[in-house]
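User: I'm new to this one and would like to know the reasons behind the labels people put on it. Can you take me through them?

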Amino acid sequence: MRASFVLFFFYLSAGYASAFTPEMSVWLGDDDGAGNGTWSNSNHWEDENLPTNDGTGSVFFPSNFGDDFDNDSSSVDIDTDVDVLSLLFDEQVDYSFYSSTTGTSIRIRERLQALSGEYNSDIFFGSGLMLIANGEGIVVDVGYGAEIEIAGAFVMSVESLTEVTGGGTLLLSGDNLHGSLGGVINVTEGYLGLGHDFAAGGAIIEIGDAENPGSNFAGLMAVDGDRRIPNNILVHGYLESVEDGYDRNELNFDGVVTFSTDSQLFNYGGLMNF
């Protein structure tokens, strides 16, 4: 009953009908109730509804908020290549995805989304996994209080656009120097965290909404030390720097930073160097 209610509420509140198809699969995990498990094991899915692997199915991960008013961490083994329409996460979750084999990948056709919640959510894709933004790109909708970290390769073609929205943080912490990450990463609301100098690969980073500049706060965050960013950056409206927790890491820009008309710079603590 819990999962069905959450799915119905998610559908109504988020309003993303395109992400919901008859091929919705809901994660359960193994029998110990901790939410751990192997992707390819049908027993780890509600009603044994293993996701279709042709890019048409959506997957929902429910909250693992425990009785101790804290998120219970759950681990999911991506033991096979995955091809889905969308990965959707309830509010108040803590999931880690890893690969027990070599070189498995998750291809996302449309949307990667984590709902906002009263408590923080953390979603982590380990360094042994490759995430592929299919075709023209995807939407990464990270709600307030949520963080999605991609520690492995993030693959985008030069024609792709990944839109980061929702008010939370997308953290890229892997080395994407070697041509796997191209296209445009457009942060329209929220923050892009960079945990490696080449985390954004060869992509152009756009901050703000070009059609409605200044409509939302958006910015960048240096993670796990100071960062020297070679990417070209285009700012529409606001560019804000934020601290990584209590760490005052600096962002040093080696690429060209262009501010469109009526843009504003919020360089708190002088963390950004041009």
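Analyst: Sure. Let's start with a rule we'll need for strands: two of them count as paired if DSSP finds at least two bridges between them. With that in hand, β7 and strand β9 (residues 130-133) pair in the parallel sense, since 4 bridges lie between them. Keep in mind that this is a predicted model.

User: What makes β7 and strand β10 a pair?

Analyst: The rule asks for at least two bridges. Strand β10 (residues 139-142) has 4 bridges with β7, in the parallel sense, so the two pair. One of the matches is Leu112, whose bridge partner in β10 is Val140.

User: And how do you know that strand β5 pairs with β7?

Analyst: Again we need at least two bridges. Strand β5 (residues 82-89) is joined to β7 by 7 bridges, and they run parallel, so they pair. Asp83 stands opposite Arg107 in β7. Arg107 also stands opposite Ile132 in β9.

User: Why is β7 called largely enclosed?

Analyst: A residue is buried when its relative accessible area is under 20%. In strand β7 (residues 105-114), 7 of the 10 residues are buried, so the rest of the structure largely encloses the strand. Take Ser105, which sits in β7: its relative accessible area is 12%, which is under 20%, so Ser105 is buried. Not counting residues up to four places away in sequence, Ser105 touches Ile78, Thr80, Asp81, Val82, Met130 and Ile132.

User: What does the chain as a whole come to?

Analyst: The protein chain has 1 helix and 25 strands. Of its 274 residues, 53% are buried. Its accessible surface is about 12000 Å², and carbon and sulfur atoms hold 48% of that. Among contacts with a separation of 6 or more, 61% are between residues 24 or more positions apart.

User: What makes β2 and β24 edge strands?

Analyst: They belong to an open sheet of 10 strands with parallel pairing, ordered β2-β4-β6-β8-β11-β14-β16-β18-β21-β24. β2 and β24 (264-266) each have a single partner strand, so one side of each has no neighbour in the sheet. Compare that with a pairing inside the order: strand β8 (residues 121-125) is joined to strand β11 (residues 146-150) by 5 bridges, running parallel. There, Ser121 stands opposite Ala146 in β11.

User: Why is Leu265 called partly exposed?

Analyst: Leu265 is in strand β24. Partly exposed covers what falls between buried, under 20%, and exposed, over 50%. Leu265 has a relative accessible area of 40%, so it lands in between. Together with Phe259 and Phe274, Leu265 makes a nonpolar surface patch of about 300 Å².

User: Why is the pair of Trp39 and Phe61 called tilted?

Analyst: A search of the whole structure finds 17 aromatic pairs. In this one the ring centres of Trp39 and Phe61 are 6.4 Å apart, within the 6.5 Å limit, so they pair. Their planes meet at 45°, neither under 30 nor over 60 degrees, so the pair is tilted. The two residues are 22 apart: Trp39 is in the loop between β2 (37-38) and β3 (58-61), while Phe61 is in strand β3. Both are in one aromatic cluster with Trp27, Trp45, Phe89, Tyr95, Phe97 and Phe125.

User: How do you know that Trp39 and Phe61 are buried?

Analyst: The cut-off is under 20%. Trp39 has 4% relative accessibility, so it counts as buried. Phe61 has 0%, so it counts as buried too.

User: What about Ile205: buried or exposed?

Analyst: Ile205, in strand β17 (residues 204-207), is at 0% relative accessibility, so it is buried. Leaving aside neighbours within four places, its contacts include Ile185, Leu192, Leu220 and Asn232. Ile205 and Asn232 are 27 residues apart along the chain, with C-alpha atoms separated by 6.4 Å.

User: Why is Glu48 called exposed?

Analyst: Exposed means over 50%. Glu48, in the loop between β2 and β3, has 51% relative accessibility, so it counts as exposed. Its phi is near 55°, a positive value in a residue other than glycine.

User: And what makes Asp224 exposed?

Analyst: At 59% relative accessibility, Asp224 is over 50%, so it counts as exposed. Asp224 lies in the loop between β18 (218-222) and β19 (227-229), and its phi is near 60°, a positive value in a residue other than glycine.

Terms used. Residues numbered from 1 in each chain as written. Predicted model: local features only at pLDDT ≥ 70, side-chain atom pairs only at ≥ 80, totals over all residues. Heavy atoms only, no water. Phe/Tyr/Trp six-rings, centres within 6.5 Å; stacked < 30°, edge-to-face > 60°. Buried < 20%, exposed > 50% of the residue type's maximum accessible area, 1.4 Å probe, protein only. Patch = residues over 30% accessible without salt bridge, like charges linked within 9 Å, V, L, I, M, F, W, Y side chains within 5 Å. Areas by Shrake-Rupley, 256 points an atom, 1.4 Å probe, with all protein chains shown as cover. Salt bridge = Lys/Arg side-chain N within 4 Å of Asp/Glu carboxyl O. Contact = heavy atoms within 4.5 Å.
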